Structure formats: structure tokens, C-alpha cells
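Work through the exercises below with the sequence and the 3D view side by side. Try each task before reading its solution.

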Amino acid sequence: MDIRQLETKDAPFMLEWMHDADLTKDLKKDFASTTLEDAEGFIAYACQASEKDLHMAIVSNEDEYMGTVSLKHIHDGMAEFGIAVRRCATGKGYSIFGMRKILEYGLEELGLINIFWCVDPVNARAVRFYDKNEFERVSPDTLDLEGLGYEEDEISRYVWYSYHR
């Protein structure tokens, strides 16, 4: 397993998880209408140097795309974490591997102080995953969420996590 820059060849595999209704049903964004061109456009965007967003591919030992791990909205020593993996990658360690790699990279290489993320509580599988791996739950009041697109009801309803120095 490894993480690397996203590549155009990853787009069809990315669409696989985006079009898996069971994997995406509890995510904030609706991925069902995403096209191959949309995925390729996202990859092209992700490959441009950006101080605000970092999107990496989680890959197998054979360099097959298994998912995307991200640090988004990087600012003032903080970033929002995101992850999505293909169904064939679930339960095989890809999620925790990719997550730990990008969190470590964010703290060590980017000098971030706090990386946070949230989960809709109806996404019981994700909540179990984060709790099982002993990630710290936090109050959203401790985070700078302004301008990130969260509605007040989402902020109060979601389960929030933080990884920090």
C-alpha cells in the first residue's frame, strides 16, 4: 500500500466508488451524476499545486487506485480531512493506512496544528471506524468552520473528530 498523486488512469476506479449508492448514501455530496470527464477534471485540479487542498490516491502494491484521501480547506494551521475508498478496498486496511499517512503528512510536512473531519451519525460504519481507531471526538465549537459550506443543523448534528499535535 502507498499514497501517491492522483493520475488520470485512476478516474474509472474513482467513478466506481462514486457510483456505489451504498458507499455514498451518507455523504454530504451527491456523487451519482459524476461523469468520467468530471473525475478526470477533478484529478487535473488535484495535480495542480495548491496551498488550499491536497488530494492523494491510496493505491495497492500493484499501483491500483483504491481510494482518495484529502486535506481540504488548508488555512491557519488547520485542514479538513476526507476519504473515500472503493468497495473492494473496504475491510482490507486501505482506509486506515491512507488516513494515517495523510494525517502524518499534514502535521509533519505541512506543519498543520489541527486536522478535523465530521461524519453524519447515520453513517454508523464510519463512526465505528473512527471510534475504533481512537480518533478524538470534539465539539464543533472548537473548530473554525466558517466558509466550509456546513449548514447550522449539520454542524450541530454531525459527529466531529480532530487529530492534532
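**Exercise 1.** Find out how β3 sits in the structure: enclosed or not?

Solution. Count the buried residues (under 20% relative accessible area with a 1.4 Å probe, protein chains only; over 50% is exposed, in between partly exposed). Eight of the 11 residues of β3 are buried, so β3 is largely enclosed by the rest of the structure. Strands here are DSSP runs of E, at least two residues; helices are runs of H or I, at least four; both are numbered from the N terminus.

This is a predicted model: local features need pLDDT of at least 70, side-chain atom pairs pLDDT 80 or more, while totals for chains, interfaces and linings use all residues. Residues are numbered from 1 along each chain as its sequence is written, and side-chain values use heavy atoms, without hydrogens and water.

**Exercise 2.** Identify the strands that pair with β3 (pairing takes at least two DSSP bridges).

Solution. Start with β2, residues 54–59: six bridges join it to β3, antiparallel. His55 stands opposite Ser70 there. Five residues lie between β2 and β3 in their hairpin, and Asp63 in the turn has a positive phi of about 70 degrees.

Now take β4. Seven bridges join it to β3, again antiparallel. Val69 faces Ile83 of β4. This hairpin has two residues between its strands, with Asp76 in the turn at a positive phi of about 50 degrees.

**Exercise 3.** List the buried residues of helix α1 and what covers them.

Solution. In α1, residues 11–18, they are Ala11, Met14, Leu15, Trp17 and Met18. They lie on the same side of α1, because they cover an arc of only 160 degrees around the axis (taken from the directions from the helix axis to the C-beta atoms). Their cover, by contact (heavy atoms within 4.5 Å), includes α2 (21–24), α3 (36–47), β3 (65–75) and β4 (78–85).

Definitions and conventions
Pairing = 2+ DSSP bridges.
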